[in-house]
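Student: Got a minute? I'd like to walk through this model with you before I head back to the bench.

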Amino acid sequence: MTILMKELCVLCNQVSETIDHLCRACPFTRKVWDSVRLWFGAPHSMISTAASVDDWWKLDRARLIGDRKRDFDGLINYIFWSVWMGRNRRIFQHQDKDEDAVTFSCYEEHR
Ligand SMILES: [Zn+2]
């Protein structure tokens, strides 16, 4: 499968699009994550200080207990998927779905 990467991130139009940017550094993703984290009840995120997406995921997950770890894994996967689909909608269908709409879809999927 070939993944098309545009020169600039279509969600923020600020920097080159990379996987790390889309999953962790993009202001769009951060806004979604901040909102979702609040209703999920996750502690303050290490998203800003982690060295990579993998590190961030492990650091935040380690601070949860029991079934919350599994729920967190599902939530993170859904956020990544939703951001990716939002990106694709902008590129291929010329439809903008803002951060609040993506956040709401994450909430609807996991409540
Ligand atoms: Zn971006």
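Tutor: Sure. One term before we start: helices here are DSSP runs of H or I at least four residues long, strands are E runs of at least two, and both are numbered from the N terminus. Also keep in mind that this is a predicted model.

Student: Okay. So what pattern does the protein follow along the sequence?

Tutor: Reading along the sequence you get α-α-α-α-α. That makes five helices and zero strands.

Student: And why call it compact for its length?

Tutor: Its radius of gyration is 14 Å, and the globule rule gives 13 Å for 111 residues; those values are close, so the protein is as compact as a globular protein of that length. The C-alpha trace spans about 40 × 30 × 25 Å along the principal axes.

Student: How much of it is buried?

Tutor: Of the 111 residues, 21% count as buried.

Student: Which residues have the most contacts inside the largest nonpolar core?

Tutor: Val32, Ile79 and Val83, in a core of 16 residues. Helices α1, α2 (27–40), α3, α4 and α5 (99–110) each supply at least two residues of this core. The one giving the most is α2, with four residues.

Student: Is there a general reason why nonpolar side chains end up together?

Tutor: In soluble globular proteins, nonpolar side chains tend to be buried together.

Student: Back to Val83. What is valine 83 in contact with, leaving aside neighbours within four places in sequence?

Tutor: Leu22, Phe28, Thr29, Val32 and Val102. Across the protein, if you take contacts between residues at least 6 apart in sequence, 47% join residues at least 24 apart.

Student: Switching to α3. Which of its residues are buried?

Tutor: Helix α3 covers residues 53–62, and its buried residues are Trp56, Trp57 and Asp60. Looking down the axis of α3, those buried residues fall within an arc of 100 degrees, so they line one face of the helix.

Student: What do they pack against?

Tutor: The buried residues of α3 pack against α1 (19–25) and α4 (67–93).

Student: And what does the face turned away carry?

Tutor: The exposed residues Asp54, Lys58 and Ala62 sit on the face of α3 turned away from its buried side.

Student: Different topic: which residues have a positive phi without being glycine?

Tutor: Asparagine 13 is one of them, with phi near 55 degrees. Asparagine 13 lies in the segment before α1. Histidine 94 also has a phi near 55 degrees, and its place is in the loop between α4 and α5.

Student: Are those two buried or exposed?

Tutor: Asparagine 13 has 8 other C-beta atoms within 10 Å, so it is exposed. Histidine 94 counts as exposed because it has 7 C-beta neighbours inside 10 Å.

Student: What about arginine 68, where does it lie?

Tutor: Arginine 68 is in helix α4. It counts as partly exposed because it has 15 C-beta neighbours inside 10 Å. Arginine 68 and phenylalanine 40 are 28 residues apart in sequence, and 9.4 Å apart in space from C-alpha to C-alpha.

Student: Last one. Which elements have the lowest and highest mean pLDDT?

Tutor: The lowest mean is in α5, at 79, and the highest is in α1, at 91. The protein averages 86, and 93% of the residues score at least 70. As a rule, where pLDDT is low, the predicted coordinates should not be read in detail.

How values were computed
Residues numbered from 1 in each chain as written. Predicted model: local features only at pLDDT ≥ 70, side-chain atom pairs only at ≥ 80, totals over all residues. Buried ≥ 20, exposed ≤ 12 C-beta atoms within 10 Å, placed from the backbone. Arc of directions from axis to C-beta. Contact = placed C-beta atoms within 7 Å. Core = buried A, V, L, I, M, F, W, Y, C linked by C-beta atoms within 7 Å. Rg over C-alpha atoms; globule rule 2.2 N^0.38 Å. pLDDT = per-residue confidence, 0-100.
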